Amino acid sequence: MRLTGLALGLACLVHAPPLRADASLVAEGQLLYQDFCEICHGANAATGDSGDIRGLGVDTVRIALRGIEDMPPFDLTGVEIDAIVAYLSSLSGA
Ligand code: HEC
């Protein structure tokens, strides 16, 4: 009994996070975007200084975050970058 309960509990732990992570990752990304990026890239990420940045891949975003031309570097964690990328791709409808 105990073992079965433990196994079920573990199974839930393993299976639940991805579902929740997706929505909350986008929500976190939106907050980060509003804090750090919106001022230059616009409320919808489509009309800012560098044009449309919606739906860009993580590699492109990582490179940009090191700083390019008029864009300053940002010191964000991998999770924060993933969140911003998830938010940008949610804007592009992907
Ligand atoms: C101070 C203004 C400013 C801020 C703040 C800013 N950016 Fe930028 N960003 C720019 C400019 C200007 C460019 C174009 C750089 C160039 O190529 O000359 C750019 C380019 C980019 C690109 C590359 C676009 C492409 O097509 O290659 C990405 C991705 C990007 N920014 C993401 C972000 C994210 C994510 C944030 C927030 C963490 C952010 N930027 C914050 C000004 C800014």
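User: Which residues come nearest to the ligand?

Analyst: In this predicted model, C37, C40, A64, E69 and M71 come nearest, out of 19 residues around the ligand. Helices α2 and α3 each supply at least two residues of that shell.

User: What makes a residue of the shell count as nonpolar, and how many of each class are there?

Analyst: Ala, Cys and Met are among the types that count as nonpolar. The shell around the ligand has 13 nonpolar residues, with three polar and three charged ones beside them.

User: Why is E69 called exposed?

Analyst: E69 has 8 other C-beta atoms within 10 Å. The cut-off for exposed is 12 or fewer, so E69 is exposed. E69 sits in the loop between α3 and α4.

User: What is notable about the phi of E69?

Analyst: The phi of E69 is positive, about 50°, although E69 is not a glycine. Most residues other than glycine have a negative phi.

User: Where else is there a positive phi in a residue other than glycine?

Analyst: A45 has one, with phi near 65°. A45 is found in the loop between α2 and α3.

User: How do you know whether A45 is buried or exposed?

Analyst: Count the C-beta atoms around A45: there are 22 others within 10 Å. Buried requires 20 or more, so A45 is buried. Over the protein, buried residues make up 12% of the 94 residues.

User: G57 lies in the loop between α2 and α3 as well. Is G57 buried or exposed, and why?

Analyst: G57 has 10 other C-beta atoms within 10 Å. The limit for exposed is 12 or fewer, so G57 is exposed.

User: How far is G57 from V85, in sequence and in space?

Analyst: G57 and V85 are 28 residues apart in sequence, and their C-alpha atoms are 6.8 Å apart.

User: What makes T60 partly exposed?

Analyst: T60 has 13 other C-beta atoms within 10 Å. Exposed ends at 12 and buried starts at 20, so T60 is partly exposed. T60 belongs to helix α3. From T60 to V85 the C-alpha distance is 9.7 Å, across 25 residues of sequence.

User: Why are α3 and α4 called oblique?

Analyst: The axes of α3 (residues 58-65) and α4 (residues 78-91) come within 10 Å and cross at roughly 120°. Roughly perpendicular covers 65 to 115 degrees and roughly antiparallel is over 145. The crossing angle of roughly 120° fits neither range, and α3 and α4 are therefore oblique to each other. The crossing of α3 past α4 is right-handed.

User: Which residues of α3 and α4 meet?

Analyst: From α3 come V58, V61, R62 and L65; from α4 come I81, D82, I84 and V85. By class, the residues of this contact are six nonpolar, no polar and two charged. Arg and Asp count as charged, so R62 and D82 are the charged ones.

User: How many helices and strands are there, and what pattern do they follow?

Analyst: The protein has four helices and zero strands. Along the sequence the pattern is α-α-α-α.

User: What share of the contacts joins residues 24 or more positions apart?

Analyst: Among contacts with a separation of 6 or more, 60% are between residues 24 or more positions apart. To count as a contact, two C-beta atoms must lie within 7 Å.

Methods:
Residues numbered from 1 in each chain as written. Predicted model: local features only at pLDDT ≥ 70, side-chain atom pairs only at ≥ 80, totals over all residues. Axes fitted to C-alpha atoms, helices over the stretch in contact; angles between N-to-C directions. Parallel < 35°, antiparallel > 145°, perpendicular 65-115°, else oblique. Left-handed = near helix turned anticlockwise from the far one by under 90°. Near = placed C-beta within 6 Å.
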